[in-house]
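Work through the exercises below with the sequence and the model open beside you. Each one sets a task and then solves it step by step.

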Amino acid sequence: MTRAFLIVMDSVGIGGAPDAAGFFNEGRPDTGANTVGHIAQACAAGRADLGRTGPLSLPALDALGLGAAVELASGLKPPGLGALPKGIWGAATEVSKGKDTPSGHWELAGVPVPWDWHYFTEIENSFPPDLIAQVARAAGTEGILGNCHAPGTAIIERLGAEHMRSGWPICYTSADSVFQIAAHEETFGLERLLTLCKELAPTLHAMKVGRVIARPFVGAPGHFTRTPNRRDFAIAPPAPTLLDWAYGAGRVTHAIGKIGDIFSHRGVSHLHKGKGDADLMEHLTRLADEAEEGSLTFANFVEFDSLYGHRRDIAGYARALEWFDAGAARFMARLRPGDLAIFTADHGNDPSWTGTDHTRERVPVLAFGPGLAPRCVGQVGFADLGATLAHHLGLTERGAGHSFLTE
């Protein structure tokens, strides 16, 4: 029996999405966005030397075919990423009408989103009065703070002190289909925040808002920091996914990071959480040794997106990629004959781009298994990754995709 690993490098896009012109950041279409390509160009030009120096160095991922995948997806030859691929490589294109976390992950797991998400499009006064009233009633307050589009760290700095004085929850959104609530763990209470989000989730999900996100923080004015106790209350996938197929066939499934939340905890045998991506890498490396025969491990590494993409921090994103590459090499060295690991992403978040939101991009397909022959699988669909892993595991369900490793 074999094992399968699906590893999502959150927001590590490679440009070239054919429909990028229909997605926007502050009024600018995402046409030309290229997360990996533009980071590589900035590094080569000496514009990303904070905490690191020189061209982008990703020997493990580039050996699998990352540089070649960027060129395949977008036509851009990323400086420093020119290795001859020794893995199975290609580029994947999304069909779901969103550049958000649930859309990308569900489609990677075989289920494209069949509906249009609801977005709060107004930058200020973003939420309807009846929703605001419901939040206030559920929170036991006279109102809410925020009611706007905002980066999470910025709105906490701006409204955190007022939140601590008034007790009103900070509610905000973005270009994604999300409703986020920030609250101080000590003065408002972590369990109170989680309960509030859980109670509101059915209303938001009925509106086809993808996620209600609890964003707890601690500290004092001028020194607020978000904690690892974030919780996503996501709408359930509209059909069984790769996790459900494996779990239903009696296989053990491991969810690393926020995978459990993204899939509403369906089809998950074991959850593996941590304070940050370093903890998650430890889980992934350990499971390379310990995961059961026939099991599926599904991981998300979020900090590329949350700490560097949204904050448009090119050097920080480059440091995170180089750190991850070293961890990926350690993980792959532990895999066994018969294993298949696929590294990919769910969308882009080009740190060189206008605005602070995700960018519509193709994503890399980098597959590795001891003894597997190198090959280019070309342009594939997101759902083909789920179908490929299902085929590898001998599962009968394949979802909307087709295996690119079928002989």
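**Exercise 1.** Does Asp10 count as buried or exposed?

*Solution.* Before starting, note that this is a predicted model, in which local features need pLDDT of at least 70 and side-chain atom pairs count only at pLDDT 80 or more, while totals for chains, interfaces and linings use all residues. Residues are numbered from 1 along each chain as its sequence is written, and side-chain values use heavy atoms, with hydrogens and water left out.

Step one is the scale: buried means under 20% relative accessible area, exposed means over 50%, and partly exposed lies in between, with a 1.4 Å probe and protein chains only. Step two is the value: Asp10 has 0% relative accessibility, so Asp10 counts as buried. Step three is the place: Asp10 belongs to the loop between β1 (4-9) and β2 (24-25), where helices (H or I, at least four residues) and strands (E, at least two) are DSSP runs numbered from the N terminus.

**Exercise 2.** Find out where the residues that UniProt marks as "binding site" lie relative to one another.

*Solution.* First, list them: the unreviewed UniProt entry gives this feature at Asp10, Asp346 and His347. UniProt positions are given in the numbering used here, feature names are shortened, and annotations may be inferred rather than shown by experiment. Next, compare sequence with space: the three residues span 338 residues in sequence, yet no two of their C-alpha atoms are more than 7.2 Å apart, so they gather at one spot.

Then look at the contacts, meaning heavy atoms within 4.5 Å. Leaving aside residues up to four places away in sequence, Asp10 touches, among others, His105, Lys258, Asp346 and His347. Asp346 sits in the loop between β14 (340-344) and β15 (363-368) and, at 0% relative accessibility, counts as buried. With the same sequence neighbours set aside, the residues that Asp346 touches include Asp10, Glu94, His105 and Phe382.

Finally, check the side chains: those of Asp346 and His105 are joined by a polar contact of 3.5 Å, that is, a pair of N or O atoms within 3.5 Å in which, within protein, one must be able to donate a hydrogen and the other to accept it, with residues adjacent in sequence counting only if both atoms are side-chain atoms.

**Exercise 3.** Describe how helix α13 is placed, beginning with its burial and ending with its packing against α4.

*Solution.* Start with burial: ten of the twelve residues of α13 are buried, so this helix is largely enclosed by the rest of the structure. Among the buried ones are Phe382, Asp384, Thr388 and Leu393.

Take Thr388 as an example, since it is found in α13 and has 1% relative accessibility. A polar atom of the Thr388 side chain lies 3.0 Å from the backbone nitrogen of Phe404, and, residues up to four places away in sequence not being counted, Thr388 also touches Leu340, Ile342, His402, Ser403 and Leu405.

Now turn to the packing: α4 (residues 101-108) and α13 (residues 382-393) pack at an angle of about 40 degrees with their axes 6 Å apart, the axes being lines fitted to C-alpha atoms, for helices over the stretch in contact, and the angles running from 0 to 180 degrees between N-to-C directions. That makes α4 oblique to α13, given that angles under 35 degrees count as roughly parallel, over 145 as roughly antiparallel, 65 to 115 as roughly perpendicular and the rest as oblique. On the α4 side the contact involves Gly104, Glu107 and Leu108, which meet Phe382, Ala383, Leu385 and Gly386 of α13.

**Exercise 4.** At what angle do α1 and α12 cross, and which residues make the contact?

*Solution.* The axes of α1 (residues 35-44) and α12 (residues 314-333) come within 10 Å and cross at roughly 105 degrees, which makes α1 roughly perpendicular to α12. Thr35, Ile39, Ala42 and Cys43 of α1 make the contact with Ile314, Tyr317, Ala318 and Leu321 of α12.
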